[in-house]
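Subject: Structure for your study

Dear colleague,

Please find below the structure that I would like to hand over to you. I should be grateful if you would keep it open while reading the notes that follow it.

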There are 2 protein chains.
Amino acid sequence: MAKPSRSARRRETAGVGLTLPDALAQLSFAVHGAIMRVADVHDLSLVQVRLLGVLRDREPGMFAVAAHLNLDKSSVTGLVDRAERRGLVRRTTALEDRRTVRVALTARGRLLTRRVAKEIEGELARLVEGLSATHRRSLSRIAGHVVDVDARRRG
Amino acid sequence: MAKPSRSARRRETAGVGLTLPDALAQLSFAVHGAIMRVADVHDLSLVQVRLLGVLRDREPGMFAVAAHLNLDKSSVTGLVDRAERRGLVRRTTALEDRRTVRVALTARGRLLTRRVAKEIEGELARLVEGLSATHRRSLSRIAGHVVDVDARRRG
DNA sequence: TATTGTTATACTCTATAACTATA
DNA sequence: TATAGTTATAGAGTATAACAATA
């Protein structure tokens, strides 16, 4: 049996009488699946998508990338190596501190980043297109609140 | 459906600062984080947690496990190898078809599965404990609806 | 021939520890 | 000494292709 795509994801039957934890977990898997569908099309992993996202508005050093992605710096070395091999990012040496290596999107990387962001937004929009405007507003507001509380709790 | 105008979108997200796709993505990361906190405590990966979940009420063959997890059967061989090495699952040969290898939780695996499930439920409950009962009900209902539509769309 | 699993191989992703270069 | 990054190494997780055993 061949897996048709790069991602592995769960697809279990949804229900009506779900507990809130179950509903949350399944919603999370659905969202993850939507993101991975886009990533797969461009042969990107989730981490690579996140890397592109981090570089979208910044030109951080390797250490800062590691902090953003919550990875060890040695993991970022390989991650950037692979992205560089694909021509998506470029390493440049900082003039002010010759120890730091800045990472930046190439023109091709920038193009791909914009495209992927737009496609993910589209997939997520499709995911909620069956909801009424009222429910969409509710979901947005409640989800925002949950995220907010969680973020404050963890700094 | 027409693409909403820029101003309409601003109206839709007024008061929250997040678009619905953003809110969904961030909520998904928060949920994933909650699950991973539990998994980490028990030195489990997300896939291993899912494997335990699949085996909770079943004793499937390797092929069926692969289908449940949406993995290639060769990937499941290694996955089950590692779980078996840790004493969490056991391979047994089926009597009716000597090709198939059934996978079952050991006593220790069953214990861990119950504990992990309970802890994940607890983490997710904590995630939403700041919501009013009304908002919790809304979130549960709306999330269930999204998951339901998504599941039906993908069969 | 078809199905179920495993093996061989290769790649991504991740971490820890040791190393280099710069500050 | 301390910091930024890479290298060496190990292991999990994934896939494809080739194989063995059974149906």
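The notes below take up one helix, the surroundings of a DNA strand, and the relation between two chains.

Please bear in mind that this is a predicted model.

Helix α3 of chain A

I began with helix α3 of chain A, which spans residues 62–69. Its buried residues are M62(A), V65(A), A66(A) and L69(A). They lie on the same side of α3(A), because they cover an arc of only 100° around the axis. A general rule helps here: an α-helix has 3.6 residues a turn, so residues three or four places apart point the same way. On the other side of α3(A), F63(A) and A67(A) are exposed.

What covers the buried residues of α3(A)? The cover includes two helices of chain A, α2 (46–55) and α4 (73–85), as well as β1 (89–93) and β2 (101–105) of that chain. Just after α3(A) comes N70(A), which takes a positive phi of about 60°.

The surroundings of DNA strand C

There are 23 residues around DNA strand C, and those that come nearest are S45(A), S74(A), S75(A), R82(A) and F63(B). Of the atoms of DNA strand C that come within 4 Å of the protein, 64% belong to sugar and phosphate.

Three side chains deserve your attention. Q48(A) has a polar side-chain atom 3.4 Å from a phosphate oxygen of the strand. For R91(B), a side-chain N or O atom is 3.0 Å from a phosphate oxygen of DNA strand C. R99(B), in turn, has a side-chain N or O atom 2.8 Å from a base oxygen of DNA strand C.

Two or more residues each are given to this surface by α2 and α4 of chain A and by α4 (62–69) and α5 (73–85) of chain B. With four residues, α4(A) gives the most. Sorted by class, the surface near DNA strand C has nine charged, eight polar and six nonpolar residues.

The relation between chains A and B

How can chain A be laid on chain B? A turn of 180° with a shift of 0.0 Å along the axis does so, with an RMSD of 0.1 Å. This is the relation of a two-fold axis. Within chain A, the residue closest to the rotation axis is S28(A), whose C-alpha lies at 2.2 Å. The copies meet through the same surface, because 81% of the interface residues of chain A are also interface residues in chain B.

Yours sincerely

How values were computed
Residues are numbered from 1 along each chain as its sequence is written. Chains are lettered from A and ligands numbered from 1 in the order in which they are written. This is a predicted model: local features need pLDDT of at least 70, side-chain atom pairs count only at pLDDT 80 or more; totals for chains, interfaces and linings use all residues. Side-chain values use heavy atoms; hydrogens and water are left out. Buried means under 20% relative accessible area, exposed over 50%, partly exposed in between (1.4 Å probe, protein chains only). The arc is that of the directions from the helix axis to the C-beta atoms. Contact means heavy atoms within 4.5 Å. A residue is near a molecule or strand if one of its heavy atoms lies within 4 Å of it. A polar contact is a pair of N or O atoms within 3.5 Å; within protein, one must be able to donate a hydrogen and the other to accept it, and residues adjacent in sequence count only if both atoms are side-chain atoms. Ala, Val, Leu, Ile, Met, Phe, Trp, Tyr, Cys and Pro count as nonpolar, Asp, Glu, Lys and Arg as charged, and the others, Gly among them, as polar. Copies are superposed by least squares on the C-alpha atoms of residues with pLDDT of at least 70 in both.
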